[in-house]
Amino acid sequence: MMKQAAQRAIEILESLGVSYGDARAETATMEKMVFRNGRLDQGIVRDTAGLGVRAVVGGAWGFGASTGFGLESVDAAARRAFEIAVAASGPAVKRLAPLAPQRGLYRGPLEKDPFSVSPGEKMALLEQVSRETMKDQRIRECYAWLWFENRKRVFASTEGSLVETDLTFSEPFLMATAVAGGDAQSRSLQDGARIAGWEWIEKCDMKGWAEKAREEALEKVLAPESPEGVMDLLLDGIHLSLTMHESVGHPTESDRVLGWESNMAGRSFLEVGDQRSAVYGSHLVNFMADNTLSYGLASWGWDDEGVPGQKWHLVRNGVFQEFGTVRETGPLVGRTYSRGCCRAMDYSSFPINRQPNFILEPGPEGVTPEDLLKDMKLGVMIEGRGSFSIDQRRLNFQFGGDRFQLVRNGRIEGPLKKVIYRSQTPRFWGSCDGIADARWLRTMGVLNCGKGEPAQSARMTHGASWARFRNVNVGGGK
Amino acid sequence: MTAERAVEIAAKAVEAGGTLHASAFVSFDRVASVRFGKNSITQNQDTGSVSVTLTVGDGSRKASVSFEDTTPESMERAASKARTLMEASPADPEYMPPPEEGQVYPFISDSLDPEAAECPVQRRIEAVKGLIDTAEGFGLEAGGICSNVHTVMAHASSTGNLASHEKTAVTLSFTMDRGSASSFRQLHHESWGSIPWREASEQVAREALANADQRDGEPGEYSIIFEPQAVADLLPFLAWSMDARRADEGLTVFSGMQGKQLSGQRFTLRSDPDGPAKGIPFNDEGVPSRDSVWIRNGTLENLACDRYWAAKTGREPLFLPDCLEMKGDAGSTRDLIRKTTRGILVRRLWYIRFVDQKTLLLTGMTRDGVFMVRDGRTEEPIRDFRWNWRPLELFERIEALGAPERKSYAFVPPVVVGGVKFPCV
């Protein structure tokens, strides 16, 4: 039914004489269970199905969508896309990077379908984890959740592409908040979502998380506040996933550089001419984009324009290489191709330029976090994600974290709280002078990257091994 | 989608629920928008979708299902899924049946404009092309969105409540820039006739040009003049923290503060769903919205409270009805500038995030225009800066307030806050 709906929309667009058109038929099934303080706070399942249609007429886009795949609504969506494209049309020509017709089926890795696990088993796990986390009465708030989604998509275009995708993601999450001494502090344990099934939940071992979340939340609420001054940082992969997302992923999106996001998400400090020349960080810094990473949330086989997933360097040996692009922006930033970064939140959203999966490539074999720690005279080790803010050009940023430990003369002295650091993007990545090897690589699957108008959320995976940064401005919020 | 049809769908979903308790919330949104960047249209869409959320309960357990297909067969399938999930759920110690019959929902006047409900594409194209022409005429680049949304919402419950609400929103949000010089405006109203885009586009172009050649601001103590947009950017973080239960559990800045002074005498914050910033008459549980004062003259008067916590603590259920008003005074931002001898004018705040929820410490950046003010005049632009502020502390030092303006969900004045140390981190 999905294939027929997509193909019918294409036939209608062709009969109307569009210069380009595509259609995405999608079904999505979601299940989410959220426990707050040991009680099922939210148990919800959601089913959606529909079709999104894009058309180019007279150099202008039009986009329409239908709920369901009924003939009448499919026809209406295609005609609506055509009509509003006509309303905006003019003498301009829309140039898209060339793409050979694509065909195929991509299924993400899935060992055990999470929808085959009974709701009772899932809730029993969350209840047990919550109970264990809240064993100490100073833990006043505990959130534990499981979130699963399966999304099937058929993409067809007037250029002859017809591809299918079937993806399931699974996400476990646990957070404990301790209240003591007039303060409240939280500790979250997460590696985010993966394209995977129930096996990812089993591997994460939420039961094992419970004690750690509880004890580290208590440790944090009772800890002294952050020292202030210029010092070194040793950051773990989950923490860096956020710093990378904000200071590398967004500024290397081509639509920002072209000014298409100037009103909301913002622009970038990079310019089109910075490709293969701008210094982004130290020579150790290599950011590898990878939309073929099997469990990565942006690995869809093909993006929402039918462009295959690819692997390329955003930054190589500290030098910026090229932007993540879509078919329309590729030629505008000097490329003859798209990097396949066009994704929509759902069938009823216009697909836009999104971040790929990417990692900070690990350091040489044999380098451990202890090696990086031992010549830090004064610094902070940070694990996990906390407060984050960055200016609209993605230069001036401030990050917090989730777990902090004071380092003095190469040794961990004890826990801290309320640590934030501030820097500027190239200066920060330029201060990276050590990265642990691949054994320490951790990735974070992000489900809620906000961008676009109307606002859309998107999913992608980032990761890194422990990495050290010198002489960063650290302080508590005052 | 009509309001009558939305109510019919909600009632049928409740019927399909087939449990002791059931409630349904239906939301239809037609979203028609034209997006533009670098003086070209980059997106153009017109989509409509309906979402139904059905919650079923058996007196001790409950579960929800959300779906889009409103055929009887689909509703039956969805209800069956909800019942299966409910039966697998543990007993809920906080179980609440739907609100009892006879709930009275406020009428929100002038929430719907018939022309805007039709989402006319030519109106959007005309406004966007006009803005782009203006920007090009001034040698600037324009980016933004012109959107027209028609929303229909409905609620039904097994306890006999039925309600619907219909509204329209026209929003023109745009930036004009050249290099780092930029300005921004968001115009928002229920009807097209109240979107003065021609006048605003020229103003924004001139403001952007005046924002060229920025310097670093000189360290010192200043009065900060927040334009209404900046106030509207800041207030949601305060509003989102105003939860009675989390306060009672010791988790927020409002813990133990009910009835106590926590900010300045000139700070009053309320929500009137039928006020100048149009709110909604009911939430997805079918609880009526109310005209509520959250903070009156700096004293915490009310916190949002769900039905379970309200019953447990002797409060009335209360929720934030998608609108906020901050009490103002008379005069425009320009009038406030004239009365300021040493200040910094801030047009917009950006990327605001919590740093510490317990003390309501926020961080963020300025954006699209920061100017030094001396002896009643706006002088040179300065570079955007990072700030870490506690809004309740800022509002302890309000020196002056102007006349409130509509900024999307908010009706807020320009605000002058004295004694702010710069740089702000």
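## Close-up views of a predicted two-chain model

**View 1. Strands β11 and β12 of chain A sit side by side in this predicted model.** Two bridges link β12(A) to strand β11 (residues 311–316) of chain A, and the two strands run antiparallel. To find this pairing on screen, start from V315(A), whose bridge partner in β12(A) is F320(A).

**View 2. Stepping back from that pair brings the open sheet of chain A into the picture.** This sheet has six strands in the order β12-β11-β10-β15-β24-β23, and its pairing is mixed. Which strands stand at the edges? They are β12 (319–320) and β23 (442–451) of chain A; each has a single partner strand, so one side of each is left without a neighbour in the sheet. Helix α6 (residues 237–249) of chain A lies across β10 (287–290), β11, β15 (358–360), β23 and β24 (456–464) of chain A. Relative to β24(A), helix α6 of chain A runs at about 125°.

**View 3. Helices α1 and α2 of chain A pack against each other.** Two packed helices are described by the angle between their axes and the distance between the axes. Here helix α1 (residues 2–16) and helix α2 (residues 71–88) of chain A make an angle of about 40°, and their axes are 9 Å apart. The pair α1(A) and α2(A) is therefore oblique, and the crossing is right-handed. From α1(A) come A5(A), R8(A), A9(A), I12(A), L13(A) and L16(A), which meet V74(A), D75(A), A77(A), A78(A), R79(A) and F82(A) of α2(A). Sorted by class, this contact holds nine nonpolar and three charged residues, with no polar ones.

**View 4. The two domains of chain A meet here.** Domain 1 of chain A covers 2–221 and domain 2 covers 229–475. Their C-alpha centres lie 22 Å apart. Contact involves 39 residues of domain 1 of chain A and 39 residues of domain 2 of chain A. Among the elements giving two or more residues to the domain 1 side are β1 (20–36), β5 (139–157) and α5 (206–221) of chain A. Which element gives the most to that side? The answer is β6(A), with five residues. By class, the domain 1 side of this contact in chain A has 16 nonpolar, 11 polar and 12 charged residues.

**View 5. Chain B has its own contact between two domains.** Domain 1 of chain B spans 3–209, and domain 2 of chain B spans 213–425. The C-alpha centres of these two domains of chain B are 25 Å apart. In this contact, 32 residues of domain 1 of chain B touch 24 residues of domain 2 of chain B. On the domain 1 side, β1 (21–37), β4 (141–157), β5 (162–178) and β6 (181–189) of chain B each supply at least two residues, and β6(B) gives the most, with six. The classes on that side of chain B come to 11 nonpolar, 17 polar and four charged residues.

**View 6. Chain A and chain B come together in the last view.** How many residues does each chain bring to the contact? Chain B brings 62 and chain A brings 58. Strand β2 (residues 40–57) of chain B gives the most to the chain B side, with nine residues. That side of chain B has 24 nonpolar, 21 polar and 17 charged residues. Strand pairing also crosses between the chains: strand β3 (residues 60–67) of chain A and β2(B) pair in the parallel sense over two bridges. A handy place to centre the view is G64(A), which stands opposite D46(B) in β2(B).

Definitions and conventions. Residues are numbered from 1 along each chain as its sequence is written. Chains are lettered from A and ligands numbered from 1 in the order in which they are written. This is a predicted model: local features need pLDDT of at least 70, side-chain atom pairs count only at pLDDT 80 or more; totals for chains, interfaces and linings use all residues. Two residues are in contact if their C-beta atoms, placed from the backbone, lie within 7 Å. Helices (H or I, at least four residues) and strands (E, at least two) are DSSP runs, numbered from the N terminus. Ala, Val, Leu, Ile, Met, Phe, Trp, Tyr, Cys and Pro count as nonpolar, Asp, Glu, Lys and Arg as charged, and the others, Gly among them, as polar. Two strands pair if DSSP finds at least two bridges between them. Domain bounds come from an automatic or database domain assignment. Axes are lines fitted to C-alpha atoms, for helices over the stretch in contact, and angles run from 0 to 180 degrees between N-to-C directions. Angles under 35 degrees count as roughly parallel, over 145 as roughly antiparallel, 65 to 115 as roughly perpendicular and the rest as oblique. A crossing is left-handed if the near helix is turned anticlockwise from the far one by less than a right angle, and right-handed if clockwise.
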